[in-house]
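Visitor: I should like to go through this model with you, one question at a time. Please reason briefly before giving each answer.

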Amino acid sequence: MTNKKKPTIKDIAKVLNISAAAVSKALHDDPRISEKTKLAVKKVSKDLNYQPNHLASALRKGKSKLVGVIVPKTNSHFFSSVIQSMETVLNKEGYNIIITQSNESYKKECDNIDTLLFTQVDGIIASMANETTDLEYFEKIKSKGIPLILFDRGENNLNVDYIGINDYDSSHMIVEHLVKQGCKRIAHIGGYRHTRIFNNRIRGYIDAIKKHELPFERTFLVESSLTTEDGRVKMSELLALKNRPDAVYVAGDYAALGALQVLNERGIDIPNDIALVGFGNEPFTSMVTPAISSVNQHSAEIGKQAAQTFLAHTKKTVVRQKLNKIILNAELIVRHSSNIQEKPIIV
């Protein structure tokens, strides 16, 4: 079976015995075309099921009005919230977004970049995959003169616009909270050090432990992909230690959920035996038992700032003197999983 050829402006023109240019003007409501002709063109286009190629039209004008977005996963509340906020800002300026996800795969991320470049997007807003250590494909975007804005996960070496939170200070804030709760043996289930944000969280954790003169044990610091299963595995490993921790700070809420499952399954009193803090403030953190303390990353604001940063690139009359580096202060939402002192809880 052969695919039926899509109708074109020339097909409409042939039916009405007028020029293709006249059809195009009629479809764009040009005042030089009579109402009678406009109605006829619209009727024939509907009969033929004609669909205008907006992308081709935009490209002829030098802009696709499309922005590519790359995220590690779309099922995360953080990333979906960023995308929603981003889209709201960009839609108001006539832009649509194309959403791709890497699933934390470097190869998939590279494929996403190739697809977006082929589609001739006007810019790319991205958060890097866990596996990404080679920045060649992001350099490829820059080499083509296409605006590249990174959020949440990015690399300083790329020298591009970046929007995120202060991950280093966030770790200090979490450790400070746990110390005030009376915890003295604080472990950290982190992401991989090669990713800038997770490296900053690990550095912040180590420095905060030293600041409070608490024992720093190598076995208390583990790296992972921060999936729910990782949280289960790493929590089990920490519980197997001779001197297990009395608090665990997890750099991602999904892994914190896995850790919570293991603690509950083993009948460990949370937070009195082991306190738990996550990161990301996913909706489920307030719904599980006990509710998980977590860090609010201000996802909506990050999406808004990322979109506005892209739009700044489109203002040709504005000379941008320096890169946009926006670092937001995160907020710790204290819930039952770390509220040992039974202080008022922020919900």
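Visitor: With which residue does Asp47 form a salt bridge?

Guide: In this predicted model, Asp47 counts as exposed at 54% relative accessibility. Its partner is exposed too, with a relative accessible area of 54%. The closest N and O atoms of the pair are 3.0 Å apart, and the residue that forms the salt bridge with Asp47 is Lys43.

Visitor: Why are Asp47 and Lys43 separated by about one helical turn?

Guide: Both residues belong to helix α3, which covers residues 35-47. They are separated by about one helical turn because, within helix α3, Asp47 and Lys43 are four residues apart.

Visitor: Which residue meets Glu139 in a salt bridge?

Guide: The pair lies in helix α7 (residues 136-143), and being three residues apart, the two are separated by about one helical turn. Glu139 is partly exposed, with a relative accessible area of 34%, and its partner counts as partly exposed at 30%. The N to O distance is 3.9 Å, within the 4 Å limit for a salt bridge, and the side chain that meets Glu139 is that of Lys142.

Visitor: How many residues apart are Arg153 and Glu104?

Guide: Arg153 forms a salt bridge with Glu104, with the closest N and O atoms 2.8 Å apart. The pair links distant parts of the chain: Arg153 is in the loop between β4 and β5, Glu104 in the loop between β2 and α6, and the separation is 49 residues.

Visitor: Is Arg153 buried or exposed?

Guide: The cut-off for a buried residue is under 20% relative accessible area. Glu104, the salt-bridge partner of Arg153, has 16% and is buried. Arg153 has 6% relative accessibility, so Arg153 counts as buried.

Visitor: How many salt bridges does the structure hold?

Guide: Side chains of opposite charge can pair when their charged atoms come close. Some of the salt bridges are linked in a network, which includes Asp29, Glu35 and Lys38. For the structure, the number of salt bridges is 14.

Visitor: How many salt bridges does the rule find across the interface of domain 2 and domain 3?

Guide: The domain assignment gives domain 2 as 65-164 + 298-328 and domain 3 as 167-297 + 333-338. Across their interface, 11 residue pairs are found in polar contact. For salt bridges, the rule finds zero.

Visitor: About how much area do domain 2 and domain 3 bury between them?

Guide: The centres of the two domains, taken over C-alpha atoms, are separated by 29 Å. In the interface, 18 residues of domain 2 are in contact with 13 residues of domain 3. Carbon and sulfur atoms carry 43% of the buried area, and the area itself is about 1300 Å².

Visitor: Which three residues supply 38% of the area that domain 2 buries against domain 3?

Guide: No other three residues supply more of the area that domain 2 buries against domain 3; these are His77, Asn130 and His298.

Visitor: Which residues does Asn112 touch, not counting residues up to four places away in sequence?

Guide: Asn112 lies in helix α6. With a relative accessible area of 7%, Asn112 is buried. Beyond its sequence neighbours up to four places away, Asn112 touches Ile70, Thr100, Gln101 and Ser102.

Visitor: Near what value is phi of Asn103?

Guide: Asn103 lies in the loop between β2 (96-101) and α6 (106-118). At 48% relative accessibility, Asn103 counts as partly exposed. Its phi is positive although the residue is not glycine, and the value is near 55 degrees.

Visitor: Which residue does a cis peptide bond join to Ile270?

Guide: The residue is found in the loop between α11 (253-265) and β9 (275-277). Omega of the bond is about 10 degrees, and the residue joined to Ile270 is Pro271.

Visitor: How far apart in space are Lys25 and Pro271, C-alpha to C-alpha?

Guide: Lys25 lies in helix α2 (residues 20-27), and its contacts beyond four places in sequence are Asp30, Arg32 and Ile33. In sequence, Lys25 and Pro271 are 246 residues apart, and in space the C-alpha to C-alpha distance is 69 Å.

Conventions:
Residues numbered from 1 in each chain as written. Predicted model: local features only at pLDDT ≥ 70, side-chain atom pairs only at ≥ 80, totals over all residues. Heavy atoms only, no water. Domains from an automatic or database assignment. Contact = heavy atoms within 4.5 Å. Buried area = accessible area lost by both parts, 1.4 Å probe. Polar contact = N/O pair within 3.5 Å; in protein donor to acceptor, adjacent residues only side chain to side chain. Buried < 20%, exposed > 50% of the residue type's maximum accessible area, 1.4 Å probe, protein only.
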